[in-house]
Amino acid sequence: MIKIYDTKAREKRPFVPVADDKVNMYVCGPTVYNYIHIGNARTFISFDTIRRYLIWRGYEVKFVQNITDVDDKIIKKANEEGRSASEVAAEYAQAFIDDMRAAGVMDPDVRPRATEEIGEMIALVEKLIEGGHAYEVEGDVYFAVRSYEGYGQLSGRNVDEMESGHRELRADGQGLEDRKRDPLDFALWKAAKPGEPSWDSPWGKGRPGWHIECSAMSKKYLGLPFDIHGGGADLAFPHHENERAQSEAAFGCTFSNYWMHGGMLQINHEKMSKSLGNFLLLRDVLKTTDARVLRMLMLQTHYRSPLDFSDERLGESEAMFTRLTNFVKNTAWLCANADGETTVDLVAYQKAIDDMCDSFIEAMDDDFNTAGALGAICSFVREANTILADAAVSSEDAAAVLAGADAVCDLLSVLGVDLNACEDEACDSSSEVVALAVELAGFTGCDAEGAIEALLARRAEARKEKNFALADAVRDRLGELGFVVEDTPQGARVSRA
Ligand code: AMP
Ligand code: ZN
C-alpha cells in the first residue's frame, strides 16, 4: 500500500484514489518569462518520478500541468525587450517543453495554457460572485477570504494571526490596499492597465489572477475532487491555499485529496531562485552533464527534503551512474561469453534480485523514498559484483544471470533513468535492438545498424562454437523486435518483418 505525506494532514496517509485504478494529478507549471533553472527542474523531475512509479504500480495516471503565459513578470520582460507579452510567453513555453524533454521528463497528458482558458476562469469568477465569495471593485474582482471557513488549513495558518500581520503592515503605511474589503482578500481578476494584454469580461477588460488559473484548469481537465495536487513547497502558500479556497468555495466539495510539496534545491544552503540570481539554468547544466546523472543526483535526496546542489555531488552521482552502467555491460559480456560450468550460486543470486525488488517497492511505497530505492539497487549491484567476480556461466544459465542486469535496468527506468539510452542525439537512443546487442553481444555502441552487425557477428561466432542456444536466442529475440534473420550463401541478412 502506497503512503503519501499529505501537506494538509501533516502526516503520511494511505493512498486511496477516487477511482480504484486511476490517478488524477495536477502539478503547477512554470510562469514562462525565462529559461527554467535546476531548482524548478527538481520539482518537475520529482513529480515525473512519482507519476512513473504510480504507472508502474498499475494505475492509469492522468497528469495535467498548466503553463502560466500571462503574468506581471512576463509583461515586464516584454516591455524591457520591446516585444509583446505573447511573443515572450510563446518563446519560453517552447523552451520549457524542450528543456523538460531533454531532462527525460514525460510530457503531461494535458498541458493547458492560461490564455487559452480565459472563458473557464471568467465563469468560475462569476460563480464565486454569485455565491457571495467574491466582489467587484472598479473592474477588479477579489476573493473574500473570510467567506470560506477552511482558509489557512492547507498551510497551517490562522486567519486572525494573518490579519494582525497585515494590520502591522498598514500601521507602517505599507501594503495599503484600500480597494479590498479585507486585507487578506486576493485578486481573481485584474482590470487592464494601458499596454497590458487583456480580455473582455463582465467587469470590463482585464486579465485573470494567477491562482484562479489552476482552479479553472484542474476542474476542467480532471474534475473534482482529483487525487494529487503537487508543486514546490514555496507554492503551498499563498498559491495552493488560494486555489483550494476558490475551488472549494465555488463547488462545495473537496478540491484535491492529497497535497504534495517538494523541497527546495539550494546552493550554499540558500534557495535557488531567479530573484536571488544564484541559479543554474537547466539547459546549461545539460550541456555538460548527462540528464540521467542529474536525475540520479536529485533522486538521492527524498523529494520533500532540501537538496544542496554542488559539483562534488554531481561527481558522486556520475560515479554511481558509471558503476551501474558497468555492472550491466559486464553482466551482458559475461553472458554473451557463456562457456563451461556455472560457478555462480543461482539460487542465492535470484534471492538477491528478489530482495532488491522488494526493498525498492518498500521504499517507493513509503512516500516515494527514491533515495532508499536507489540504495536498494546499489547494494544489489555491490553484492552481484562480488558474486560475479571471476565467475563462469554456462549458456543454459546465462538468462538467470542476465536477469540481475535486467532487473537493475527495469527498476532504474521506473525512476526515469534509462541506462540503455544514449546521450548522443544523432543515434537512435531508445532502440531496443541496441539494448539487445548490449545484452547478448557485449555491444558498446549506440546505433541500431552497428547493433545488428554485432548481433549477427555474435550469432556466427556462437554457431562456430556450437552454442546453438545463444545463436537461436539472437534470432528469436530479433524476431520479437520485428526483424527476420535469413541465412544466405553470403552470410546472414536481417530485414524488417
Ligand atoms: P515558478 O515558475 O516560479 O512558479 O516555479 C515553477 C516550479 O518550480 C514551482 O513548482 C516551484 O515551487 C518550483 N521551484 C522554484 N524554485 C525552486 C527551487 N529552488 N527548488 C525546487 N523547486 C523550485
Ligand atoms: Zn497552480
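**Note on the ligand 1 site and backbone of the predicted model**

1. By class, the shell that surrounds ligand 1 is made up of eight polar, six nonpolar and two charged residues. This is a predicted model, and the contacts and angles discussed below should be read as computed from its atoms.

2. The shell amounts to 16 residues around ligand 1, and the closest of these are G39, T43, D234, L265 and M272. As for where the shell comes from, helix α1, spanning residues 38–56, and strand β9, spanning residues 226–232, each contribute at least two residues to it. The largest share is that of α1, which supplies four residues.

3. Which atoms of ligand 1 face polar atoms of T43, D234 and T31? For T43, an N or O atom of the side chain lies 2.7 Å from a nitrogen atom of the ligand. For D234, a polar side-chain atom is placed 2.4 Å from an oxygen atom of ligand 1. T31 takes part through its backbone instead, with an N or O atom 3.3 Å from an oxygen atom of ligand 1. Taken on its own, ligand 1 has 490 Å² of accessible area, and the protein covers 92% of it.

4. The position of ligand 1 can also be described from the side of the protein, since the space that the ligand takes is the largest pocket.

5. Away from the ligand, strand β7 (residues 186–191) pairs with two strands, β6 and β8. Strand β6, residues 140–143, runs antiparallel to β7 and is joined to it by three bridges; within this pairing, F143 has F186 of β7 as its bridge partner. Strand β8, residues 206–208, is likewise antiparallel to β7 and is also joined to it by three bridges, and here A191 is partnered with G206 of β8.

6. Two peptide bonds that precede prolines deserve a look when the backbone is inspected. The bond from L224 to P225 is cis, with omega near -15 degrees, and P225 lies in the loop that leads from α6 (210–222) to β9, the strand that supplies at least two residues of the shell around ligand 1. The bond from F237 to P238 is cis as well, with omega near 0 degrees, but P238 is found in a helix, namely α7, which covers residues 236–251.

7. A last backbone point concerns E138, which has a positive phi of about 45 degrees although it is not a glycine. Where in the chain does E138 lie? E138 belongs to the loop between β5 (134–137) and β6, and β6 is the strand that three bridges join to β7.

Conventions: Residues are numbered from 1 along each chain as its sequence is written. Chains are lettered from A and ligands numbered from 1 in the order in which they are written. This is a predicted model: local features need pLDDT of at least 70, side-chain atom pairs count only at pLDDT 80 or more; totals for chains, interfaces and linings use all residues. Side-chain values use heavy atoms; hydrogens and water are left out. A residue is near a molecule or strand if one of its heavy atoms lies within 4 Å of it. A polar contact is a pair of N or O atoms within 3.5 Å; within protein, one must be able to donate a hydrogen and the other to accept it, and residues adjacent in sequence count only if both atoms are side-chain atoms. Accessible areas come from the Shrake-Rupley method with a 1.4 Å probe; for residues, only the protein chains shown count as cover. On a 1 Å grid over the protein atoms alone, a cavity is a set of points where a 1.4 Å probe fits but cannot get out, and a pocket is an open set with protein on both sides within 12 Å along at least five of seven lines; lining residues have an atom within 4 Å of a point. A molecule sits in a cavity or pocket if more than half of its atoms lie within 2 Å of its grid points. Ala, Val, Leu, Ile, Met, Phe, Trp, Tyr, Cys and Pro count as nonpolar, Asp, Glu, Lys and Arg as charged, and the others, Gly among them, as polar. Two strands pair if DSSP finds at least two bridges between them.
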